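Subject: Structure handover

Hello,

Here is the structure I promised to pass on. Please open it next to this note, since the notes below go through its empty space and then its helix contacts.

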Amino acid sequence: MTAISLIETFSDEFICFVRLTAKDGAIGWGQCSTYNADITALILHRQVAPHALGAGTDDILALVQRIEEKEHKFPGSYRCRALAGLDTALWDMRGQREGKPVVELLGGKPGWIRAYASSMKRDITPEDEAARFVRLRDEQGFDAFKWRVGAECGRDIDEWPGRTEAVVPTVARALGDGIAKLVDGNSGFSPARAIEVGHLLEAEGIGHFEEPCPYWDLDQTKAVTDTLDIDVTGGEQDWDLAIWKRMIELRAVDIVQPDVMYMGGIARTLLVADLAAKAGLPCTPHSANLSLVTISTMHLLGAIPNAGKYLEFSIEGADYYPWQQDLFLGDPYAVQDGKLRIPDGPGWGVEINPGWLDRAKYQKSALEA
């Protein structure tokens, strides 16, 4: 049995990369979830590493579940954010051992994958949002776009008065026919207001309404799903498998959107994708920044049978996300005709920038001799 002998983290406030080393010298690279990643690194070393060191690397799901049991008094988002670093590094290690990309380990194959250009901005005018979308359509070939409506957890108060009623038709009409159009409510609306906005979306040819109501209240979301003809989607914040089972059994959404990093890695995300597949629901994961989460999601989408229509691909650059710059060598996110290519190298098929690692805070947990 090959066992984990060393767990190293390289972190700042936003990113925590994880390097695993096995007793036979095999190495795998992964990442904890973004945001407050320095806190997550501490949790990884304090509450994950003691159970992972000395454990085998073959059955990733079994190890993740055993750590969940050992840390049963600490369920929650941070535990899953830390487990993601372990899980994704183990998948990379397996791919390195076998000389295969993760997508092949999951039963798929590398190739091109359609993406939707995903805006993260609400402080942008409808006209400016439309202009940059049209530019991306014409220059990079995107044929699917998502933009923001309402205000994040806004309790029916818009980002500024009238913005939703303005941005929906302005952007939709600027993009024209033959373009998939998606919007994100970020838990911003009550059911009544969400249904009102939903009818506006239907009238403008928008087919995807993401997280319209407070995500923690599935009954509110279901009320919207049951009323509208367009797809209501959600799940990016959820990590608890009991919530996922209820969400899917209720059919509170038409499309499930787990986030690989929020979920705790690939193995737990596959459980959600499988639950959705058995219920006949597509899986279009959340991947809203250009760290390892989008790479991992590309590999996942290339393999699961109920993959959604497209990959979420953030269009925000250094002005919005300065912390996601220069994470990798080369450009794993090169867009061609609105598509990205799933890396075909072993593991995740990307190389983390050594210069970034040199600047990060370093910590390690090692197996005692």
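How many cavities of 30 Å³ or more does the count come to? The count comes to two. Bear in mind that this is a predicted model. Every value below is computed from it.

**Cavities**

Start with the largest cavity. Its space is about 70 Å³. The lining consists of Glu211, Cys213, Tyr215, Leu218, Thr221, Thr233, Gly234, Gly235, Asp238, Met247 and Val253. Two elements give two or more residues to this lining: α8 (218-227) and β8 (231-234). Sorted by class, the lining of the largest cavity has five nonpolar, four polar and two charged residues.

The second largest cavity has a volume of about 40 Å³. Around the second largest cavity sit Ser33, Thr34, Asp259, Met261, Tyr262, Ala288, Asn289 and Val293. By class, that lining splits into four nonpolar, three polar and one charged.

**Pockets**

Now the open spaces. The largest pocket holds about 460 Å³. It is lined by 24 residues, and the closest to its centre are Arg148, Glu152, Asn186, Glu236 and Tyr321. What classes make up the lining of the largest pocket? There are 11 charged, eight nonpolar and five polar residues.

The second largest pocket comes to about 380 Å³. Its lining has 21 residues, with Leu290, Phe313, Glu316, Gln324 and Tyr333 the closest to its centre. Elements that give two or more residues here are α5 (126-140) and β10 (311-314). Which element gives the largest share? That is α5, with four residues. The class count for the second largest pocket is 10 nonpolar, six polar and five charged.

**Helix contacts**

Three helix pairs are worth a look in the viewer. I list them in turn.

*α6 and α7.* Helix α6 covers residues 163-175 and helix α7 covers residues 191-203. Their axes lie 10 Å apart, at an angle of about 25°. Angles under 35 degrees count as roughly parallel, so α6 is roughly parallel to α7. The crossing of α6 past α7 is right-handed. On the α6 side, Thr164, Glu165 and Val168 make the contact. On the α7 side, Arg193, Val197, Leu200 and Leu201 do. By class, this contact has four nonpolar, one polar and two charged residues.

*α2 and α3.* Helix α2 spans residues 60-70 and helix α3 spans residues 77-98. They pack with axes 10 Å apart, at about 160°. Are they roughly parallel or roughly antiparallel? The cut-off for roughly antiparallel is over 145 degrees, and α2 and α3 are therefore roughly antiparallel to each other. This crossing of α2 and α3 is right-handed. From α2, the contact takes in Ile60, Leu63, Val64, Ile67 and Glu68. Facing them in α3 are Arg79, Leu83, Leu86, Asp87, Leu90, Trp91 and Arg94. The contact of α2 with α3 has eight nonpolar and four charged residues, and no polar ones.

*α2 and α11.* Helix α2 also meets helix α11, residues 266-278. Their axes come within 8 Å and cross at roughly 95°. The range 65 to 115 degrees counts as roughly perpendicular, so α2 is roughly perpendicular to α11. Which residues meet here? Ile60, Leu61, Val64, Gln65 and Glu68 in α2 meet Ala267, Arg268 and Leu271 in α11. By class, the contact of α2 with α11 has five nonpolar, one polar and two charged residues.

Look at the α2 lists side by side. Ile60, Val64 and Glu68 appear in the contact with α3, and Ile60, Val64 and Glu68 appear in the contact with α11.

**For your session**

For the pockets, you could centre the view on Arg148, Glu152, Asn186, Glu236 and Tyr321 in the largest. For the second largest, Leu290, Phe313, Glu316, Gln324 and Tyr333 serve that purpose, being the closest to its centre.

Best wishes

Note on methods:
Residues numbered from 1 in each chain as written. Predicted model: local features only at pLDDT ≥ 70, side-chain atom pairs only at ≥ 80, totals over all residues. Heavy atoms only, no water. 1 Å grid on protein atoms, 1.4 Å probe; cavity = no way out; pocket = protein on both sides within 12 Å on 5 of 7 lines; lining within 4 Å. Points joined across faces, edges and corners; volume = space filled by probe spheres on them. Nonpolar A, V, L, I, M, F, W, Y, C, P; charged D, E, K, R; others polar. Axes fitted to C-alpha atoms, helices over the stretch in contact; angles between N-to-C directions. Left-handed = near helix turned anticlockwise from the far one by under 90°. Contact = heavy atoms within 4.5 Å.
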